[in-house]
Amino acid sequence: MSTDGVIATAERIRKGERSAEEVTRAALDGIWAKDGALHAFLHVAGESALEQARAVDAKRARGEVLGPLAGVPVAVKDGISTRGIPTTAASKILAGYVPAYDATVIDRLRAADAVIVGKTNMDEFAMGSSTENSAFGVTRNPWDLGRTPGGSSGGSAAAVAAGLVPCALGSDTGGSIRQPASFTGTVGIKPTYGRVSRYGLIAFASSLDQVGPLARDVRSAARVLEAIAGRDPHDATSLEAPAAGLEAACGGSVRGLRVGVPEEYFAEGLDAEVAESVRAAIRDLEGEGCVVRSVKLPHTRFAVATYYVLAPAEASSNLARFDGVRYGLRVTSGELRQMYGATRDAGFGPEVKRRILLGTFVLSSGYYDAYYGKAQRVRTLVRRDFDEAFREVDVICSPTAPTPAFRLGEKVDDPLAMYLGDVYTLPASLAGVPAMSVPCGMTSAGLPVGLQIVARPLDEAAMLRVASAWEARRPEDE
Ligand code: GLN
């Protein structure tokens with residue numbers, strides 16, 4: 001792990017020990033040297049990054065106070081709009097699209113004096129769990145180049161894990177920040193639904209999508225979350241919830257905090273080494289004074305089916321806008337309808353087409369009640385499971401994913417196997433509650449394992465306290 005974390009980088013720049021320009025140049029050099037093997041980046045914005053860095057240095061030279069992310073290089077998932085920087089969501093249909101505006105999270109990163117260094121690879125339109133659905137090639141896991149970094153925010157996770165940047169933004173609809181964090185030994189946070197604005201995030205499933213940070217340590221991730229969170233008049237679903245104090249929650253005591261362990265999450269299909277690492281972490285938390293008890297989340301077994309009805313339904317509607325008229329690719333062919341069809345046929349990859357078909361089917365009259373309506377009702381039951389459990393406990397701990405990083409190619413031809421790997425991250429997404437993954441040991445093959453921590457709506461502070469208490473105990477050599 002070569003570069004400093006977010007906190008140390010910002011501190012050095014604020015003190016003037018290093019200039020933002022120097023830090024940015026070092027990050028860009030690292031990317032040019034190492035990203036050939038990883039392919040974490042789809043686009044490196046070298047010139048604009050150096051310009052931003054020089055602006056931070058000039059601000060300091062004028063004696064102004066620098067923001068909390070002073071000069072920190074940040075990589076951004078390519079589904080997040082960046083003004084003047086190509087944004088494709090890893091889809092051919094958006095090739096050549098350069099947004100005319102910044103997403104609100106990007107505005108906020110800039111306001112905190114961060115430096116955007118580039119855009120990271122992902123599954124096309126964030127649909128997938130391995131980054132293999134990108135139209136522009138796969139990303140490799142820095143721990144084992146034959147394996148996936150997870151997905152869909154695999155590029156962001158790989159960039160952070162390889163030390164190319166101290167932090168990155170991802171988006172999480174059903175696990176796309178947490179599962180890649182787990183596969184790459186990084187920290188990833190999916191905030192409470194509504195905590196962070198989605199204005200400028202290319203929509204996948206709007207009732208689930210959230211933007212969040214990936215970093216190498218808990219405090220760094222908390223600082224980035226604090227910078228991007230908060231009400232945004234451009235996003236009606238964003239909440240009026242103050243984010244101040246999230247970083248301060250790191251390092252707080254966990255004595256007496258009640259930790260729930262859902263036995264449904266330790267069932268068939270869970271890798272034995274993952275189970276052991278997670279159970280050991282929970283024992284350690286007990287050692288820190290947490291009160292551990294078992295909780296029930298009985299509707300967990302319906303989460304995969306529910307999510308894979310709802311998310312495609314929403315996607316089929318959200319993706320209707322890509323028709324060759326407004327953005328990116330256009331395939332001219334006969335009259336208007338033919339142009340729509342030809343553009344969408346050439347522009348979307350197989351997984352995106354599968355989801356549009358599935359989503360259109362579950363929303364069609366005659367099937368709506370049987371599938372979409374039913375899934376909405378089951379979603380309510382999943383949410384109630386959490387409401388019940390959070391009467392008894394303050395946080396819930398589980399594995400983030402049932403296995404460590406799998407091999408590239410292992411599941412690409414078996415969408416169901418790919419979907420089943422999301423079993424532990426989907427419930428918190430359906431319930432809208434905050435959840436994060438924090439590194440929790442290694443398998444005997446040297447692959448990272450992730451501990452998932454889930455909390456009550458808007459109680460990211462409790463989750464961060466537990467994560468940092470565990471992190472503080474973690475042996476240094478991991
Ligand atoms: N793996 C899930 C899917 O394929 C979740 C993706 C995400 O969170 N964006 O839909």
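The following is a dialogue about a predicted model, on how its cysteines, a strand, a ligand site and salt bridges get their labels.

Student: Why is Cys290 said to be in no disulfide?

Tutor: The nearest cysteine sulfur, that of Cys397, is 7.6 Å away. A disulfide needs two cysteine sulfur atoms within 2.5 Å, so the pair does not qualify. Cys440 is in no disulfide either, with the sulfur of Cys397 as its nearest, 9.3 Å away. The count for the structure is 0 disulfides.

Student: What makes Cys290 and Cys440 buried or exposed?

Tutor: The limit for buried is under 20% relative accessible area. Cys290 has 5%, so Cys290 is buried. Cys440 has 2%, so Cys440 is buried too.

Student: Why is strand E11 called mostly covered?

Tutor: Strand E11 spans residues 448-455, and 8 of its 8 residues are buried. Pro448, Gly450, Gln452 and Val454 point one way, Val449, Leu451, Ile453 and Ala455 point the other way, and all are buried.

Student: How do you know that E9 and E11 pair?

Tutor: Pairing takes at least two bridges between the strands. Strand E9 (residues 395-399) has 5 bridges with E11, in the antiparallel sense, so the two pair by that rule. One of the contacts is between Pro399 and its bridge partner Leu451 in E11.

Student: What joins strand E10 to E11?

Tutor: Strand E10 (residues 435-442) is joined to E11 by 6 bridges, and the two run antiparallel. Pro439 stands opposite Gly450 in E11. The hairpin of E10 and E11 has 5 residues between the strands, and Gly446 takes a positive phi near 80° there.

Student: Which residues are closest to the ligand?

Tutor: The ligand is surrounded by 15 residues, and the closest are Thr173, Gly174, Ser176, Tyr307 and Arg355.

Student: What makes the approach of Tyr307 to the ligand a polar contact?

Tutor: A polar side-chain atom of Tyr307 lies 2.7 Å from an oxygen atom of the ligand. The limit is 3.5 Å between N or O atoms, so the pair counts. For Tyr308, an N or O atom in the side chain is 3.2 Å from an oxygen atom of the ligand. The protein covers 99% of the 290 Å² of accessible area that the ligand has on its own.

Student: Why is the pair of Glu460 and Arg195 called a salt bridge?

Tutor: The N to O distance between their side chains is 2.8 Å. The cut-off is 4 Å, so the pair is a salt bridge. Glu460 is in helix H16 (residues 460-473) and Arg195 in the loop between strands E5 and E6, 265 residues apart. Glu460 has a relative accessible area of 0% and is therefore buried; Arg195, at 3%, counts as buried as well.

Student: What makes Arg473 and Asp284 partly exposed?

Tutor: Partly exposed lies between buried, under 20%, and exposed, over 50%. Arg473 has 38%, so Arg473 is partly exposed. Asp284 has 23%, so that label applies to Asp284 too. Arg473 and Asp284 form a salt bridge, their closest N and O atoms being 3.5 Å apart.

Student: How are Arg326 and Asp323 classed, buried or exposed?

Tutor: Arg326, at 54%, counts as exposed, whereas Asp323, at 10%, counts as buried. Their closest N and O atoms are 2.8 Å apart, in a salt bridge. Elsewhere, Arg258, Asp394, Arg456 and Asp459 are joined into one network by salt bridges that share partners.

How values were computed: Residues are numbered from 1 along each chain as its sequence is written. This is a predicted model: local features need pLDDT of at least 70, side-chain atom pairs count only at pLDDT 80 or more; totals for chains, interfaces and linings use all residues. Side-chain values use heavy atoms; hydrogens and water are left out. Buried means under 20% relative accessible area, exposed over 50%, partly exposed in between (1.4 Å probe, protein chains only). Helices (H or I, at least four residues) and strands (E, at least two) are DSSP runs, numbered from the N terminus. A residue is near a molecule or strand if one of its heavy atoms lies within 4 Å of it. A polar contact is a pair of N or O atoms within 3.5 Å; within protein, one must be able to donate a hydrogen and the other to accept it, and residues adjacent in sequence count only if both atoms are side-chain atoms. Accessible areas come from the Shrake-Rupley method with a 1.4 Å probe; for residues, only the protein chains shown count as cover.
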